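Trainee: I should like to learn how to read a ligand site and the pockets of a protein model. Could you guide me through one example?

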Amino acid sequence: MSESFPAFTAEKTDDGFRRGVTELTVDDLPAGDVVIDVEWSSVNYKDHLAATENGRVARISPLVPGIDLAGMVRSSGAAGIAAGDQVLVHGYDLGVAHHGGYAGVARVPVEWVVPLPDGLTSHEAMVVGTAGYTAALSVLTLLDHGLESDAGTVLVTGATGGVGSMAVAMLAGLGHTVAASTGKADAASFLRDLGAAEVVDRAELADASKPLQSVRWAGAVDAVGGAILAHVLATLAPGAAVTASGNVGGAELPTTVLPFILRGVTLYGIDSVSTPIGRRREVWGRIATDLKPAGLDAMAHAVDLEHLEGALDEIGRGGVTGRYVVQLRN
Ligand SMILES: NC(=O)c1ccc[n+]([C@@H]2O[C@H](COP(=O)([O-])OP(=O)(O)OC[C@H]3O[C@@H](n4cnc5c(N)ncnc54)[C@H](OP(=O)(O)O)[C@@H]3O)[C@@H](O)[C@H]2O)c1
């Protein structure tokens, strides 16, 4: 019989829903070329949904959630990845339709594997995780759009969250002037430590009644959606861009075509899940170098599988400041 390891699973049952820590073996894992001894995973809003009865994200049951993982390759049947390599995996079907990072061991297709770039530990990679990767895609999109560091203030919404806090740190690290919007009254010093020059009360961005308002932002990273994204579109400088990656504030977008046709603003959609693997590896190379957020360790709160439920519930309430990482090995 193969060795067992702890795993956090979520499953629909005849009388409802069950989640908690159990034991699995490698034989319980889905097919794949690469077996990984998982060292760290992380907690994202999507993990909360995947581990919630009506979250509508999980596509198999039972499921080991965890859309992020990093660790050491135990065995590989694929060229280019060998036993002993440090790697990370996120996105694609991981943690939604294929067992994910909340287990001591994972088995995945080689096409999902990113060799851990020099300059990042597996712990740091999971503090960054899907949230930081999404922030990196957002920041790179604004740079490709032509955002210069002297263009004016760049707004980040949901700034204490995973995507937001990483975007604040990355933009500030590149020399941009960053305004961080938050609903948390006590978060100002956390955000200033990340590099925010200005902290904006989320309530100031709630008015979406007019599609054109006074110009305020040279660009924006939005992970909130809803009325806040509509307000951002109404207050972007002519020709500026905002990236949209999330919907914690609502999936509707109550705006009109006016910001687009009268101010020439651009709304970019960000999808971290299905980036082709070549581009994904390139972006991680940037995360390990010029985009690497300062103070990664200070953003992290570590939990083990036994304490994971509390972190999943907290992120579901929008209550997390920074990033929860999940420790699978000592
Ligand atoms: N497109 C992609 O590929 C991709 C990848 C990763 C994440 N996402 C999405 O991006 C969003 C953020 O993910 P995350 O992991 O960063 O989550 P998170 O850590 O929970 O951050 C979300 C932040 O948004 C703010 N917020 C929460 N509820 C809000 C509300 N009702 N109205 C306005 N602001 C609210 C809070 O920040 P403040 O208190 O500071 O305002 C919260 O910390 C989620 O919708 C997630 O599904 C998408």
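Mentor: We shall take the ligand first and the pockets afterwards. Please keep in mind that this model is predicted.

Trainee: How many residues surround the ligand, and which are the closest?

Mentor: One begins with the shell of residues around the molecule. Here 28 residues surround the ligand, and T160, T182, S245, I270 and S272 are the closest. By class, this shell holds 10 nonpolar, 15 polar and 3 charged residues. Helices α2 (122–145) and α3 (162–173) and strand β9 (177–182) each supply at least two residues of the shell.

Trainee: Which polar side-chain atom lies 3.1 Å from an oxygen atom of the ligand?

Mentor: Polar contacts are read atom by atom. That side-chain atom belongs to R202. The backbone also takes part: an N or O atom of S245 lies 2.9 Å from a nitrogen atom of the ligand, and a polar backbone atom of Y45 is 3.4 Å from a ligand oxygen. The protein covers 87% of the 920 Å² of accessible area that the ligand has on its own.

Trainee: Where does the ligand sit?

Mentor: The ligand sits in the largest pocket, which holds about 1000 Å³ of space. This pocket is lined by 44 residues, with Y45, V163, A223, G246 and V248 nearest its centre. The lining comprises 16 nonpolar, 22 polar and 6 charged residues.

Trainee: What is the volume of space in the second largest pocket?

Mentor: About 150 Å³ of space lies there. Of its 14 lining residues, K12, F17, E53, A58 and I60 are the closest to its centre. Strand β1 (4–13) gives the largest share of that lining, 3 residues.

Key. Residues are numbered from 1 along each chain as its sequence is written. This is a predicted model: local features need pLDDT of at least 70, side-chain atom pairs count only at pLDDT 80 or more; totals for chains, interfaces and linings use all residues. Side-chain values use heavy atoms; hydrogens and water are left out. A residue is near a molecule or strand if one of its heavy atoms lies within 4 Å of it. A polar contact is a pair of N or O atoms within 3.5 Å; within protein, one must be able to donate a hydrogen and the other to accept it, and residues adjacent in sequence count only if both atoms are side-chain atoms. Accessible areas come from the Shrake-Rupley method with a 1.4 Å probe; for residues, only the protein chains shown count as cover. On a 1 Å grid over the protein atoms alone, a cavity is a set of points where a 1.4 Å probe fits but cannot get out, and a pocket is an open set with protein on both sides within 12 Å along at least five of seven lines; lining residues have an atom within 4 Å of a point. A molecule sits in a cavity or pocket if more than half of its atoms lie within 2 Å of its grid points. Helices (H or I, at least four residues) and strands (E, at least two) are DSSP runs, numbered from the N terminus. Ala, Val, Leu, Ile, Met, Phe, Trp, Tyr, Cys and Pro count as nonpolar, Asp, Glu, Lys and Arg as charged, and the others, Gly among them, as polar. Grid points are joined across faces, edges and corners, and a volume is the space filled by probe spheres set on the points.
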